[in-house]
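Open the model in your viewer and keep the selection panel at hand. This tour goes stop by stop, saying what to select and what is there.

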Amino acid sequence: MEADKIIETINLTKTYGHQTAVNSLSLEVREGEVFGFLGPNGAGKTTTLLMLLGLSRPSGGYSRVCGLDPLRMAREVKRLVGYLPENVGFYSDLNAVESLEYVATLNGIERTEASKKIHDLLELIGLSQDGRKKVGAFSRGMKQRLGIAEVLIRDPKVLFLDEPTIGLDPDGALRLIDLIQSLNRDRNITVLVSSHNLYQVQKISHRVGIMIDGKMVAEGSVESLAEEKFGVGDKEYSLEEIYMKYFQEV
Ligand SMILES: Nc1ncnc2c1ncn2[C@@H]1O[C@H](COP(=O)(O)OP(=O)(O)OP(=O)(O)O)[C@@H](O)[C@H]1O
Ligand SMILES: [Mg+2]
């Protein structure tokens with residue numbers, strides 16, 4: 001494995017009965033980048049993330065995350081990778097500080113260190129004023145941001161974000177996108193983000209991958225994919241135009 005590849009899959013495959021959810025997928029995410037993971041509903045994005053986390057056993061092929069095999073080294077991989085699932089679950093009776101304390105305890109973080117981290121994280125996600133509010137009373141956007149704080153408390157090297165802005169209002173989505181971008185820029189966290197919001201993905205991704213029917217049909221920077229599909233020209237193409245071109249040709 002080359003040093004700058006932080007995630008790599010080779011012929012990664014997952015079948016459910018007769019159905020192939022992930023079909024001989026080869027994917028490469030480089031250290032320090034934001035990688036936009038795109039594809040229609042049912043393309044196999046979440047299934048891929050679950051295999052990369054060691055939460056789902058591949059039917060074939062293999063993957064490496066930070067140089068480790070997620071199947072054999074599941075604990076180590078989970079320590080290095082922060083995962084924000086599509087639907088984040090919380091204990092609604094706890095307030096934000098208590099939720100973060102709980103996660104800190106689960107991860108063996110010592111109390112004084114935890115309380116400093118929690119203070120800093122609440123500030124980072126813009127919830128300093130809401131630390132004592134019950135999570136059950138949080139809006140969807142607040143919950144998404146708290147979910148990111150829970151994931152960050154372990155200082156991950158890599159973040160897997162599965163449709164993080166779904167259901168957020170435009171302002172909330174923009175703030176979350178800015179937060180993701182700053183985590184990448186300021187803390188050098190590699191981000192693998194799946195999303196259907198192509199405008200947001202284009203804004204923050206260094207490279208994108210388009211997955212259709214379990215296969216990666218395109219992988220590269222937005223500019224390189226535009227060049228591949230439309231040739232070099234004066235016009236700047238949006239990721240949406242590029243995505244639709246690939247989608248229609250499958
Ligand atoms: N546990 C499961 N059992 C059977 N089939 C499954 C299971 N999980 C996923 N699948 C199937 O695998 C395919 C890929 O699903 P997956 O959830 O990975 O798609 P996705 O790209 O994340 O889609 P979305 O954009 O809707 O979140 C789908 O056809 C889905 O029905
Ligand atoms: Mg999904």
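Axes here are lines fitted to C-alpha atoms, for helices over the stretch in contact, and angles run from 0 to 180 degrees between N-to-C directions. The model is predicted.

**Stop 1: helices α8 and α9**

Select residues 222-230 for helix α8 and residues 239-249 for helix α9. Their axes come within 10 Å and cross at roughly 50 degrees. Angles under 35 degrees count as roughly parallel, and 65 to 115 as roughly perpendicular. α8 and α9 are therefore oblique to each other. The crossing of α8 past α9 is left-handed.

Now show side chains. On the α8 side, pick V222, L225, A226 and K229. They meet L239, I242, K245 and Y246 of α9. This contact has six nonpolar residues, two charged and no polar ones.

**Stop 2: the six-stranded sheet**

Keep α9 in view and add the strands it lies across: β3, β8 and β9. α9 runs at about 30 degrees to β8.

What is the strand order of this open sheet? Reading across, it is β5-β6-β7-β3-β8-β9, with mixed pairing. Select 81-84 for β5 and 215-220 for β9: these are the edge strands, and each pairs on one side only. Neighbouring strands are turned by 15 degrees against each other on average, direction ignored.

Zoom in on β3 (residues 34-38) and β8 (residues 207-212). These two run parallel and are joined by four bridges. To find one bridge, pick G36; its partner in β8 is V208.

**Stop 3: the shell around ligand 1**

Select ligand 1 and the residues around it: Y16, A21, G39, N41, G42, A43, G44, K45, T46 and T47. Colour them by class. The shell has six polar residues, three nonpolar and one charged.

Which helix gives the most to this shell? Helix α1, residues 45-52, does so with three residues.

**Stop 4: the three-stranded sheet**

Stay with α1. This helix lies across β1, β2 and β4 and runs at about 115 degrees to β1. Those strands form an open sheet in the order β2-β1-β4, with antiparallel pairing. β2 (19-30) and β4 (60-65) stand at the edges with a single partner strand each, so one side of each has no neighbour in the sheet. The average turn between neighbouring strands here is 15 degrees, direction ignored.

Next, follow β1, residues 5-16. Towards β2, β1 pairs in the antiparallel sense over eight bridges. Pick I7 to see one of them: V29 is its bridge partner in β2. β1 and β2 form a hairpin with two residues between them. Click on G17 in the turn, which has a positive phi of about 60 degrees.

Towards β4, β1 pairs over five bridges, again in the antiparallel sense. Two positions to label are T9, opposite S63 in β4, and T13, opposite G60 in β4.

**Stop 5: helices α3 and α4**

Move to helix α3 (residues 96-106) and helix α4 (residues 111-124). Their axes come within 10 Å and cross at roughly 130 degrees. That makes α3 oblique to α4. α3 passes α4 in a right-handed crossing.

From α3, select A96, V97, L100, E101 and A104; from α4, select A114, K117, I118, L121 and L122. These residues make the contact. Eight are nonpolar, two are charged and none is polar.

**Stop 6: helices α3 and α5**

Keep α3 and add helix α5, residues 140-152. The two pack at an angle of about 30 degrees, with their axes 9 Å apart. That makes α3 roughly parallel to α5. The crossing is right-handed.

Which residues of α3 meet α5? Select A96, S99, L100 and V103 in α3, then L146, A149 and E150 in α5. By class, this contact has five nonpolar residues, one polar and one charged.

For a last view, show both partners of α3 together. A96 and L100 belong to its contact with α4, and A96 and L100 also meet α5.

Technical notes:
Residues numbered from 1 in each chain as written. Chains lettered and ligands numbered in written order. Predicted model: local features only at pLDDT ≥ 70, side-chain atom pairs only at ≥ 80, totals over all residues. Parallel < 35°, antiparallel > 145°, perpendicular 65-115°, else oblique. Left-handed = near helix turned anticlockwise from the far one by under 90°. Contact = placed C-beta atoms within 7 Å. Nonpolar A, V, L, I, M, F, W, Y, C, P; charged D, E, K, R; others polar. Near = placed C-beta within 6 Å. Pairing = 2+ DSSP bridges.
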